Amino acid sequence: MTQTVDLNADMGESYGAWKMGDDAALLDIVTSANVACGFHAGDWDVMAATMKAAAQKGVGIGAHPGFPDLHGFGRQRMNVATGSLQNLVRYQIGAARAMARAAGSSVRHLKLHGALANMASEDEVMAKVCYEAALDIAPDLIIMVLAGTAQQRAASALGCNVACEIFADRAYNDDATLVDRALPGAVIHDPDVAGRRMAEMVREGAIITESGKHIATRIDTICLHGDTPTAVRIASEVRRALLDNGVTLAQFDGQPV
């Protein structure tokens, strides 16, 4: 059984006068924050405020780049040429590092967002392209990967430091990818269900799919999405369930996989 695990949440996703999620409440629960970089969500002021708050709470900061898709919240698939895709990733990491430095902190990790992440979980070449671009400008970044997918294989091939991630509020296919959000049951809204399944997965050291298949994996961090109505309740229940099962919560160190 994994004795120590990180809790991460996607945040900084408000935009101008439009508010998304309760970042302040989540920062009291999680140990790492994936901050939107202004392309799928967020803006310069939201990034600055979110990173400042994370730094004050001692929460690890990560860059959370996505496709340039404010309208679709980064969840619409796009075909982007390799060179442009790498520049897209570099641009957003650069902004994240600048904002983190201004907040008196630094960017520890990278986590791809939405459709960009889903496509990279299916396509090892695409994942590697994104990670190489990130490591070009920030060689010490810990790459957060969707455990058991092409993302993990790409990061392993690069030999970089990795955090293997599972999701508290998403259902799994038998290939360790996430069930499409358009399908029934893809998103888990019940905090009790989320808490139980995370305690079980950590205990088993495996992703448990919708069919009941167990996929053995290293589990370094658990994602708690910040944009669902029950996000804070899910985060609180997952934290409670893990602690009740003897799991220590702490930021991941990042090790090759």
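A residue counts as buried when its relative accessible area is under 20%. Keep that cut-off in mind as you explore this predicted model, since several of the residues below are judged by it. Helix α4 is a good place to begin: 7 of its 9 residues are buried, so the helix is largely enclosed by the rest of the structure. From there the tour moves to two pockets, then to two residues with a positive phi, and ends with a few buried residues and their contacts.

**Helix α4 and its neighbours**

- The buried residues of α4 are G114, A115, L116, A117, M119, A120 and S121.
- These buried residues pack against α3, α5, β5 and α6, the last of which spans residues 150-158.
- Helix α4 covers residues 114-122 and helix α5 covers residues 124-137; their axes come within 5 Å and cross at roughly 125°.
- That crossing angle makes α4 oblique to α5.
- On the α4 side of this meeting you will find L116, M119, A120 and E122, while α5 brings E124, M126, A127 and C130.
- Sorted by class, the contact of α4 with α5 has 6 nonpolar and 2 charged residues, with no polar ones.

**The largest pocket**

- The largest pocket has a volume of about 450 Å³.
- Its lining consists of 29 residues, and those nearest the centre are G114, A115, N118, R170 and L178.
- Two or more lining residues come from each of α4, β5 (142-146) and β6 (162-167).
- Helix α4 turns up again here, as it gives the most to the lining of the largest pocket, with 6 residues.
- By class, the lining of the largest pocket has 11 charged, 9 polar and 9 nonpolar residues.

**The second largest pocket**

- About 180 Å³ of space lies in the second largest pocket.
- This pocket is lined by 14 residues, and D23, A24, V46, A49 and T50 are the closest to its centre.
- Helices α1 (23-26) and α2 (44-57) each supply at least two residues of this lining.
- The largest share comes from α2, which provides 6 residues.
- The lining of the second largest pocket divides into 6 nonpolar, 5 charged and 3 polar residues.

**Two residues with a positive phi**

- Most residues other than glycine have a negative phi.
- F73 has a phi near 60°, a positive value in a residue other than glycine.
- You can find F73 in the loop between β3 (60-64) and α3 (82-102).
- F73 counts as buried because its relative accessibility is 9%, below the 20% cut-off.
- A176 also has a positive phi, near 75°, and is a residue other than glycine.
- The loop between β6 and α7 (191-204) holds A176.
- With a relative accessibility of 1%, A176 counts as buried.

**T50, a residue by the second largest pocket**

- T50 is one of the residues closest to the centre of the second largest pocket, and its place in the chain is in helix α2.
- A relative accessible area of 6% means that T50 is buried.
- Beyond residues up to four places away in sequence, T50 touches M11, G12, D23, L27 and V35.
- T50 and A33 are 17 residues apart along the chain, and their C-alpha atoms are separated by 8.9 Å.

**Two buried loop residues**

- C160 lies in the loop between α6 and β6.
- C160 is buried, with a relative accessible area of 8%.
- Leaving out residues up to four places away in sequence, C160 touches L135, I143, A155, Q255 and P256.
- From C160 to N79 is 26 Å in space, C-alpha to C-alpha, and 81 residues in sequence.
- T31 sits in the loop between α1 and β2 (32-36).
- T31 counts as buried at 14% relative accessibility.
- Apart from its neighbours within four places in sequence, T31 is in contact with D6, L7, V59, G60, L249, A250 and Q251.

Conventions. Residues numbered from 1 in each chain as written. Predicted model: local features only at pLDDT ≥ 70, side-chain atom pairs only at ≥ 80, totals over all residues. Heavy atoms only, no water. Axes fitted to C-alpha atoms, helices over the stretch in contact; angles between N-to-C directions. Helix = DSSP H or I, 4+ residues; strand = E, 2+ residues; numbered from the N terminus. Parallel < 35°, antiparallel > 145°, perpendicular 65-115°, else oblique. Contact = heavy atoms within 4.5 Å. Nonpolar A, V, L, I, M, F, W, Y, C, P; charged D, E, K, R; others polar. 1 Å grid on protein atoms, 1.4 Å probe; cavity = no way out; pocket = protein on both sides within 12 Å on 5 of 7 lines; lining within 4 Å. Points joined across faces, edges and corners; volume = space filled by probe spheres on them. Buried < 20%, exposed > 50% of the residue type's maximum accessible area, 1.4 Å probe, protein only.
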